[in-house]
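Me: Hi, I have a structure open and would like to go through it step by step. Could you help me read it?

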Amino acid sequence: MAAPRVCVPGERLFSTADCEAGPGTYVHHGYIYSCLAGYMHKRKQDGKELPIIEVIRQKEDAVPRKDSIVTAKVTSVSGRMCKCAITCVERTTLREPFRGLIRKEDVRATEKDRVEMYKCFRPGDIVLARVVSFLDKKVQVSLLTGFLDAACQLSLGDANCYLLSTAENELGVVLALSEAGAQMVPVSWCDMQCPKTGSKESRKVAKVQLQQE
Amino acid sequence: MSSTLGVLSDAERLFIVHGVQDDLRSDGRACEDYRHVEVETDVVSNTSGSARLRLGNTDILVGVKAEMGEPDPGRPKEGKLEFFVDCSANASPEFEGRGGEELAIEVSNALQRIFSSKSTLDLTALCIIPAGQCWVLFVDVLVLECGGNLFDAVSLAVKAALFSTRLPTVIVTADDEGQQEIELSDDPYDVKRLDVDNVPLIVTLSKV
Amino acid sequence: MPGDSRRVPGPQDSRSPHWYGKQPPQHQETGTRQDGRADHDLRPVYLHAGVVSQATGSAYIELGQTKVIAAVYGPREIARREEFTMKGRLCCELKFATFSCRRRRQHMQDNQEKDVSLIVLQALEPAVCLVSGGFLLITKQGMCVADLVQIYLSLIRSVLVYGHVLLDRFPKSQVDVYITVLQDDGSALAAAITCAAAGLADAGVMMYDVVTGCSVRQCGDRQLLDPSGSEESSQEGEGVEDHGMVTVGLLPSLNQVSALVLDGHLPQTTAVQLVSLVSALVLDGHLQQQTAVQAVKTCIGGCQGIYPILKDCLVKSTRRKVPAVDPTLIRTSIDGQNGRT
């Protein structure tokens, strides 16, 4: 197969009459232009007449988006919230960490008021969490356009941090070190056991499912 | 208008665009009309020249202080002009702390660029002793209220302030040892004024 | 640039020896320039992307003896709390290395460098896709025209956005572009613009087009494209009617000008032709209106000349950096990547 064509941003590719614009491209005055410096791929779409053009560059600008699963490392724990450093978004590792925040009420789905932060997370834990969506019914959303920004602010956190939530079975602590320094093994949804000393410590544990690839 | 939020709804945006198409802006002006301008000079007593300008809601105060200093080695027969713009916190809540710094730098760079051309202000008139002493004019702009069109208002106010600047006449005498001595004339009315006919003004256009 | 408290500053009253020397001879009146080029010839360009391994994207350019390097980091967290934004943000910082110019520069950014950083930022912003789901048109429209004897054009931006934006390309994040001029031998601004655009494309930031920069020096009725250092700083022609320098930042495929810096002054009030060409305009010096327009057109021609070099460089760096992948194996994210109107 011939090497795929490399295109640069702003290069005119095809007209909209011949193809559809896919990711990595934009449409201007009836022509499809490339948005990225990457490889151009043209493929047939099922059920549609026109083939679709995409420009792919492997490195995506990874930024935590709403409803994406992120991997974070807990940096500090207080009574009401816990701060963490987001290191990966979905499958992309970030070059520089973003700041995230898990509030007390976002740790669990049930019994939210009886959560004790120190029994759920400890500094140094690796956590799987989800960036909170703004269509969550718990968050009051005002649909006046003037307040849309404010609503978005609520969902993505404030100027400093992204708002994360572990209120699902599959989310929570995945890796933790015990006080003795060994990596702990999960026992239940709220306990982890240290293999060296055998002592149990409380964490909000994630139920990691093995994914079929 | 929700102009305080800085966000316009679609209806408001459409209203403005349609108005502009009919040569009518939201405050009733035509597209090429200025707001009401008020200029006052000699408002600050401790300066060599000053001006206050109100352009609609924009309020600018400029003070010019003249001091004697050494000229640039590359230009020994010219004086110097230094600009400093201060977007003070009471002009707009965004200017609190260091918020106004970027805008202030932009405005002062703009002023610097205008006056760097030789034809704007005759800097040789500011020379006292070539390669020795010259007048250094410190033009300080204070933005008291920012109601839009900052560049225009600042350039108008600077021109007015330079117009009102009075430099005391300098008498250079050579004393016995050949050293040059500088004396300021005693007469308060014996002053030198600057020729500001060629000082440019900024006009801002915005395309909607 | 953070201040360096440990550095011992040099003596305050030190002076460059150049002030005491003779002025260098002016360039000849006859056809060729000092380096043997014709009036409208560009200097040889060397452009290489992907030079800084730690950065997301980077580029290095040599325009004759002018050397500029740019590094792009991002999207990453916005450092300062006050600058919260739901749209992505582009930050540009340009610095002349202290040894780069004839006169030693300070290690902190001075006003001129801040000014040039702003110009480069304004040249790059229209090209970068900051919002998704909409299309940015000629993003900068706005200029200041003085209607008195001297015209001073300063800039005010306003962004035209079509469509409604709900999704944002990189919210609460910013892309930082750091440009360092290693050696300034004329046309540093033009080189910086081209270099920064190449760095952004190398970083994989979505752009509508790559920006190319070019400058022209007007001496009397001669237009010198891509002036070298001695041509840029020559005093000749200052008493004469037309002298000045024009720098243009162009989006070649879309044929839009995103930055225009004119050091000259127009004796006539009508700048209508320029208004249709420009987005950002800064003016001081001496230039007749017709010659200014002509100079801008020459610059645009020069920019178009640099574009193939830029394109070639990006193609090579993409082949080197990014392995060709089967599109069916890549899961592209659904939101906001398709920038349709």
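Me: Let's start small: which residue stands opposite V6(A)?
Reply: This is a predicted model, and in it V6(A) stands opposite Y39(A), which belongs to β6(A).

Me: And in which sense do β1(A) and β6 pair?
Reply: They pair in the antiparallel sense, with 2 bridges between β1(A) and strand β6, which covers residues 38-43 of chain A. In general, the strands of a sheet pair through backbone hydrogen bonds, and this can be either parallel or antiparallel.

Me: What order do the strands of that open sheet come in?
Reply: The open sheet in chain A has 4 strands in the order β1-β6-β7-β3, and the pairing within this sheet is mixed. Its edge strands are β1 (6-7) and β3 (20-21) of chain A, each of which pairs on one side only.

Me: Zooming out, how many helices and strands does chain A have?
Reply: Chain A comes to 1 helix and 16 strands, and of its 213 residues 46% are buried.

Me: What about its surface, how much is carbon and sulfur?
Reply: Carbon and sulfur atoms account for 52% of the accessible surface of chain A, which is about 11,500 Å² in total.

Me: Switching to chain B, what does UniProt list there?
Reply: An unreviewed UniProt entry lists "domain: Exoribonuclease phosphorolytic" for residues 34-168 of chain B. Over those residues the chain is 21% helix and 38% strand, with the end C-alpha atoms 36 Å apart.

Me: Which domains does the domain assignment give for chain B?
Reply: That assignment gives domain 1 (1-33) and domain 2 (35-193) of chain B, and the C-alpha centres of these two domains lie 36 Å apart.

Definitions and conventions
Residues are numbered from 1 along each chain as its sequence is written. Chains are lettered from A and ligands numbered from 1 in the order in which they are written. This is a predicted model: local features need pLDDT of at least 70, side-chain atom pairs count only at pLDDT 80 or more; totals for chains, interfaces and linings use all residues. Side-chain values use heavy atoms; hydrogens and water are left out. UniProt positions are given in the numbering used here, feature names are shortened, and annotations may be inferred rather than shown by experiment. Domain bounds come from an automatic or database domain assignment. Buried means under 20% relative accessible area, exposed over 50%, partly exposed in between (1.4 Å probe, protein chains only). Accessible areas come from the Shrake-Rupley method with a 1.4 Å probe; for residues, only the protein chains shown count as cover. Two strands pair if DSSP finds at least two bridges between them.
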